[in-house]
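Trainee: I would like to go through this structure and ask what each label rests on. Please show it first.

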Amino acid sequence: MRMLLADQGQSWKEEVVTKESWLQGPLKASCLYGQLPKFQDGDLTLYQSNAILRHLGRTFGLYGKDEREAALVDMVNDGVEDIRRHCSQLIYRSYEEGKAKYFQELPGHLKPFETLLIQNQEGQAFLVGDQISFADYNLLDLLLNHQVLAPGCLDSHPLLLAYVARLSARPKLKAYLASPEHVNRPVHGAQKI
Amino acid sequence: MPPYTIVYFPVRGRCEAMRMLLADQGQSWKEEVVTKESWLQGPLKASCLYGQLPKFQDGDLTLYQSNAILRHLGRSLGLYGKDHREAALLDVVNDGVEDLRCKYVMLIYTNYEAGKEEYLRALPEYLKPFETLLSQNEGGQAFIVGNQISFTDYNLLDLLLIHQVLDPSCLDSLPLLSAYVMRLSARPKLKAFLASPEHVNRPINGNGKQ
């Protein structure tokens, strides 16, 4: 969502919650599901990262050009979320044991996105249609994280590599990705990477 | 000929919410049942985007991912809130339903015998957010968000119904959710569907556990 906002020329406020204040303070009990992120858009408070992405998608016209594309964007985003779930499980629960298996299975998990790109202007556009969507920012983030986890893991996926390079070169996004706020922020809380 | 086709195993699983939605909305649909054998041996799995079911057809639009299908039906049948704000809130709730569904699926398929007791102990805490949401919306007399039914209501209803099978008493300490289940289940078309042999005879999960 940070990449989405930056790329869309939006500014936002960060309220950083330390582990200590989370465990000791009243914030957790006030969160609908007892989890972060919490997001504020004026007087609208949202939880659930994908609900936030969808809200921003709806607000900024990043949800496909029509209902058909919107459905495809949802389908893609849910696939990204599935990988994110597997990846989180690995990072937070079974890194040492699960790492080898995860990377063995990774090409299979990434293949659908390669397929989607091939089917859409041979990978020269976005995941769905001709305009960027919230699902693109979500996938880009996932792929960037994987490149940190395991540099070279995208090498057998040329379309995905090109996609990452092309999106990361978008001027505002490029500036954000080079910014200290992004560079100095750890990928994960468990600090495995 | 209905434009909708659901391609899935002969279970409720991740499709019963969309079935309830379609039935309640007076829509008809075709079921293409996939047996375990044909799934493991046939070409269908390789042709599915993520190698998984359900697969859904709306005319010439093919979709995967049960929540994407629910959102599509929500969008096309006017079951996505009255404005962008309600749409966002519905997404917040649906994602919470999905999180609990994932826990349920994990229990059923990987840890039923050993994990059931602890799951049931934690369950009230998992369900509490939905009780809270109801209490904040017309004292629980309406829907999970706003004044009209949404795709999220069907998803939540399914989640609650399968949990009542897991533990019939699980909503006893959650009066608004109890009333919500009864009220939605009494909607005429939905009531007919829930009483139908096709629903009643369809196992909830693929391994026979519930």
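The talk below takes the labels one by one and sets values against definitions.

Mentor: Ground rules first. This is a predicted model, where local features need pLDDT of at least 70, side-chain atom pairs count only at pLDDT 80 or more, and totals for chains, interfaces and linings use all residues. Residues are numbered from 1 along each chain as its sequence is written, chains are lettered from A and ligands numbered from 1 in the order in which they are written, and side-chain values use heavy atoms, with hydrogens and water left out.

Trainee: What makes a residue part of the contact of chain B and chain A, and how many residues does each give?

Mentor: Contact means heavy atoms within 4.5 Å. Chain B gives 33 residues and chain A gives 31 residues.

Trainee: What is the area buried between chain B and chain A?

Mentor: Buried area is the accessible area (1.4 Å probe) that two parts lose on being put together, summed over both. Here that comes to about 2,700 Å², with 58% from carbon and sulfur atoms. In chain B, Tyr50(B), Arg75(B) and Val92(B) lose the most area to chain A, together 21% of what that side buries.

Trainee: How many residue pairs are in polar contact between chain B and chain A?

Mentor: A polar contact is a pair of N or O atoms within 3.5 Å; within protein, one must be able to donate a hydrogen and the other to accept it, and residues adjacent in sequence count only if both atoms are side-chain atoms. Between chain B and chain A the count is 14 residue pairs (both at pLDDT 80 or more).

Trainee: Which element of chain B gives the most to the side that touches chain A?

Mentor: Helix 5 of chain B, with 14 residues. Helices (H or I, at least four residues) and strands (E, at least two) are DSSP runs, numbered from the N terminus. Elements giving two or more residues to that side include helix 4 (66-77) and helix 6 (112-135) of chain B.

Trainee: How do the residues of that side of chain B divide into nonpolar, polar and charged?

Mentor: They are 17 nonpolar, 8 polar and 8 charged. Ala, Val, Leu, Ile, Met, Phe, Trp, Tyr, Cys and Pro count as nonpolar, Asp, Glu, Lys and Arg as charged, and the others, Gly among them, as polar.

Trainee: What makes Asp60(B) and Arg68(A) a salt bridge?

Mentor: The rule asks for a side-chain nitrogen of Lys or Arg within 4 Å of a carboxyl oxygen of Asp or Glu. The closest N and O atoms of Asp60(B) and Arg68(A) are 3.1 Å apart, so the pair qualifies. Between chain B and chain A the count is 5 salt bridges. Over all chains it is 29.

Trainee: How do you know that the salt bridge of Arg85(B) and Asp43(A) crosses between chains?

Mentor: Arg85(B) is in helix 5 of chain B, while Asp43(A) is in the loop between strand 1 (38-41) and strand 2 (44-47) of chain A. Their N to O distance is 3.2 Å.

Trainee: Why is Asp43(A) called exposed?

Mentor: Exposed means over 50% relative accessible area, buried under 20%, partly exposed in between (1.4 Å probe, protein chains only). Asp43(A) has 62%, so it counts as exposed. Arg85(B) has 38%, so it is partly exposed.

Trainee: Glu69(A) and Lys65(A) form a salt bridge at 3.4 Å. Is Glu69(A) buried or exposed?

Mentor: Buried, because its relative accessible area is 10%. Lys65(A) is exposed, at 62%.

Trainee: Which parts does the salt bridge of Glu31(B) and Arg202(B) tie together?

Mentor: Glu31(B) lies in strand 2 (residues 30-33) of chain B and Arg202(B) in the segment after helix 10 (197-200), so the pair ties together parts 171 residues apart in sequence. The distance is 3.6 Å, N to O. Both residues belong to a network of salt bridges with Glu16(B), Arg19(B) and Glu198(B).

Trainee: Why is Leu100(B) called buried?

Mentor: Its relative accessible area is 3%, so it is buried. Leu100(B) sits in helix 5 of chain B. Residues it touches include Tyr119(B), Leu123(B) and Phe130(B), leaving out residues up to four places away in sequence.

Trainee: And what makes Ser66(B) buried?

Mentor: Its relative accessibility is 6%, so it counts as buried. A polar contact of 3.3 Å joins the side chains of Ser66(B) and Arg14(B).
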